[in-house]
Amino acid sequence: AHEPVSHREAAMTKPMESSQPLDVVRVAVVEDNPSTRADLTAQVRAEPGFQLVAAYPSAEEALQGLPGDWPDVLLMDIRLPGMTGIDAVRSLHRDRPGLCILMLTAFDHSQYIFDALKA
């Protein structure tokens, strides 16, 4: 899940005001399925150089919690109950345009993927 962002690339984009060492990539997860969320968080925790900072079951909860502790990388499910991951990304980019977001989906629906890229 973290292969597109190398430890070196993530460290180079890390905000300087962080108290974490530059070799630690801070990750947050937004996934409504409890099993998938647990798997993702376990994978992040198991990887050296990665720190799980938060896991949210909904976009609404992520939008409330993330501004208090911004991650370096956000793993965001595209389809969530209530606000979609795509709509959440649009909102997050207004507050944090440089946030690295990886969209997750099990759906092979080109419109979802296109909308996620636009967001």
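**A four-stranded parallel sheet and its helices**

In this predicted model, pLDDT stays under 50 over residues 1-18. For that stretch the model has 21 contacts beyond four places in sequence. Over the protein, pLDDT averages 78, and 69% of the residues score at least 70.

The sheet comes next. Four strands form an open sheet in the order β2-β1-β3-β4, and their pairing is parallel. The edge strands, each pairing on one side only, are β2 (50-56) and β4 (100-104). On average, and with direction ignored, neighbouring strands of this sheet are turned by 20° against each other.

One pairing in the sheet joins strand β1 (residues 25-30) to strand β3 (residues 73-77), in the parallel sense and over four bridges. Within β3, Met76 is the bridge partner of Val30.

Two helices can be placed against these strands. Helix α2 (residues 34-46) packs on the sheet and touches β1, β2, β3 and β4; the direction of α2 makes about 160° with that of β2. Helix α4 (residues 85-95) lies across β3 and β4, and α4 runs at about 150° to β3.

Between β3 and α4 there is a loop, and Pro81 is found there. Is Pro81 buried, exposed or partly exposed? Pro81 counts as partly exposed because its relative accessible area is 47%, which lies between the limits of 20% and 50%. Leaving aside residues up to four places away in sequence, Pro81 touches Asp32 and Glu60. Pro57 stands 24 residues from Pro81 along the chain, and the C-alpha atoms of the two are separated by 9.1 Å.

Methods
Residues numbered from 1 in each chain as written. Predicted model: local features only at pLDDT ≥ 70, side-chain atom pairs only at ≥ 80, totals over all residues. Heavy atoms only, no water. Pairing = 2+ DSSP bridges. Axes fitted to C-alpha atoms, helices over the stretch in contact; angles between N-to-C directions. Contact = heavy atoms within 4.5 Å. pLDDT = per-residue confidence, 0-100. Buried < 20%, exposed > 50% of the residue type's maximum accessible area, 1.4 Å probe, protein only.
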